[in-house]
Amino acid sequence: MAVSFLNREVSDLCLGKPALRWINADATVSEALTALKRSEETYLSVWKCCADESCVCLGKICTADVICFLCRKENLVNPFKAFEATVSDILPKGVFVVRHLDPKSSLLEAIDCILEGAQNLVIPIQNQKSTYSRKKFLNKPSSYCWITSEDVIRFLLNSIGIFSPIPTSTIESLNVIERDIMTVHYHDPAISALDYITRALVQQTLVAVVDVENRIIGEISPLSLACCDETAAAAIATLSAGDLMSYMDYGGPPEDLVEMVKMKLEERNFGAMLELVEEYAHSTVSSSSSCCSSEDELGPVSSSGSSRHGKAGRHFPARSSETILCNPRSSLVAVMIQALAHRVSCIWVVGEDHTLVGAVTFAGMLKVFRSVARDHKPESGNLFMQ
């Protein structure tokens, strides 16, 4: 029964999914920032459309991508020039975090794509159009939706009983705990963890902030970073990892940390970045603007009216940086529920003394369910347009 369930069409997960919000790969970073701030979505899909009107999704972008891009040394020196770069310039190279998938592909194939590194699976929206109309329809990015590893985990949880007794087994016995985790000490410079933050963004994981005895204090979450504005790059460049957590928490940095960032920017001769921070601080942030405005009703998200670095307000506050924990004796189903309830893709595993043991990710959970069908070899040919 479990194998039969895993052979269900992936289109079953697309019911009720909205059409993708998107931006052109040739748009500037400034335009992308404005589009993100006008959108209610954390991510926008990035598309490249050719002269023959065929389009392909190249990846996705969020504010955290822009922040990490601005943290590069040359961009800290001249952030305003960095805003002129194109969206395609900041997409991860050689990493396919987005994959196209045929709607008739199986759930098993979708899981395989995720385990190969895909974060989002782009799937055509089913409709009753004629063959000619459908071909024209599928040339538009707004004719697609996408599903994530979170969607797959939620779908599996809704029918968890058919996988019994696996879900009630401990994560330790299932060998789900990942020991290769990224950590930074509380007092270390946040910029020293930039490579980890970038990697966490690509792999949908987190960076643990620990003390000298490897006890977890908190985390640096790409999701929380994605809810900050672009001036968070200045915070990463100047603050400690511990102070960065406070800076990102609850959607508004404390005034004393903002002043500390300004002081350190001045000390390090990052004049242009300091100008950006002060300009943003004195700007009037609007939180009520239309989500899109274009010839395509559902996309791309408009970047009209953008300033040189896309000032606009977000529609949602940053998630609190509350750290979600479990222990090695937690059951798989309990950890799945924790992750879905808190909308996180990574749960930290700690020992009785609160020392960090490892982490459980959505990918790790999916490996368990994939193992149920390890002897099942689905027919190939449903994947297209990597």
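Student: Which residues of H7 meet which residues of H9?
Tutor: On the H7 side you have Leu107, Ile111 and Ile114, and they meet Ser149, Val152, Phe155 and Leu156 in H9. Keep in mind that this is a predicted model.

Student: OK. How do those contact residues divide by class?
Tutor: Six are nonpolar, one is polar and none is charged in the contact of H7 with H9.

Student: And where do these two helices sit, and at what angle do they cross?
Tutor: H7 covers residues 107–115 and H9 covers residues 149–157. Their axes come within 11 Å and cross at roughly 140 degrees.

Student: Why give an angle and a distance?
Tutor: Because two packed helices are described by the angle between their axes and the distance between the axes.

Student: So what do we call H7 and H9, going by that angle?
Tutor: Oblique to each other. Angles over 145 degrees count as roughly antiparallel, and this pair crosses at roughly 140 degrees, so H7 and H9 come out as oblique.

Student: Is their crossing left-handed or right-handed?
Tutor: H7 and H9 cross in a left-handed way.

Student: Let's switch to H3 and H10. What's the angle there?
Tutor: Roughly 155 degrees, with the axes coming within 11 Å. H3 is residues 63–70 and H10 is residues 194–203. That angle makes H3 roughly antiparallel to H10.

Student: Which residues meet in that pair?
Tutor: Ala64, Asp65 and Cys68 are the H3 ones, and they meet Leu194, Ile197, Thr198 and Leu201 in H10. By class, the contact of H3 with H10 has five nonpolar residues, one polar and one charged. H3 also passes H10 in a left-handed crossing.

Student: How about H13 and H14, how far apart are their axes?
Tutor: The axes of H13 (residues 241–248) and H14 (residues 255–267) are 10 Å apart, and the helices pack at an angle of about 125 degrees. That makes H13 oblique to H14, and their crossing is left-handed.

Student: Who touches whom there?
Tutor: Asp243, Ser246 and Tyr247 in H13 meet Leu257, Val258, Met260 and Val261 in H14. The contact of H13 with H14 divides into five nonpolar residues, one polar and one charged.

Student: New topic: holes inside. How many cavities of 30 Å³ or more are there?
Tutor: The count comes to one. About 80 Å³ of space lies in the largest cavity.

Student: What lines the largest cavity?
Tutor: Tyr43, Lys60, Asp65, Pro92, Val97, Gln119, Leu201 and Val202. Asp65 and Leu201 may ring a bell, being among the residues in the contact between H3 and H10. By class, the lining has five nonpolar residues, one polar and two charged.

Student: Last thing, the loop between H9 and strand E7. Which proline is found there?
Tutor: Proline 165, and E7 itself is 182–185. A cis peptide bond joins serine 164 and proline 165, with omega about 10 degrees.

Student: Which asparagine is in that loop?
Tutor: Asparagine 175 is found between H9 and E7. Its phi is near 60 degrees, a positive value in a residue other than glycine.

Student: Why point those two out?
Tutor: Because most residues other than glycine have a negative phi, and most peptide bonds are trans.

Terms used. Residues numbered from 1 in each chain as written. Predicted model: local features only at pLDDT ≥ 70, side-chain atom pairs only at ≥ 80, totals over all residues. Heavy atoms only, no water. 1 Å grid on protein atoms, 1.4 Å probe; cavity = no way out; pocket = protein on both sides within 12 Å on 5 of 7 lines; lining within 4 Å. Points joined across faces, edges and corners; volume = space filled by probe spheres on them. Nonpolar A, V, L, I, M, F, W, Y, C, P; charged D, E, K, R; others polar. Axes fitted to C-alpha atoms, helices over the stretch in contact; angles between N-to-C directions. Helix = DSSP H or I, 4+ residues; strand = E, 2+ residues; numbered from the N terminus. Parallel < 35°, antiparallel > 145°, perpendicular 65-115°, else oblique. Left-handed = near helix turned anticlockwise from the far one by under 90°. Contact = heavy atoms within 4.5 Å.
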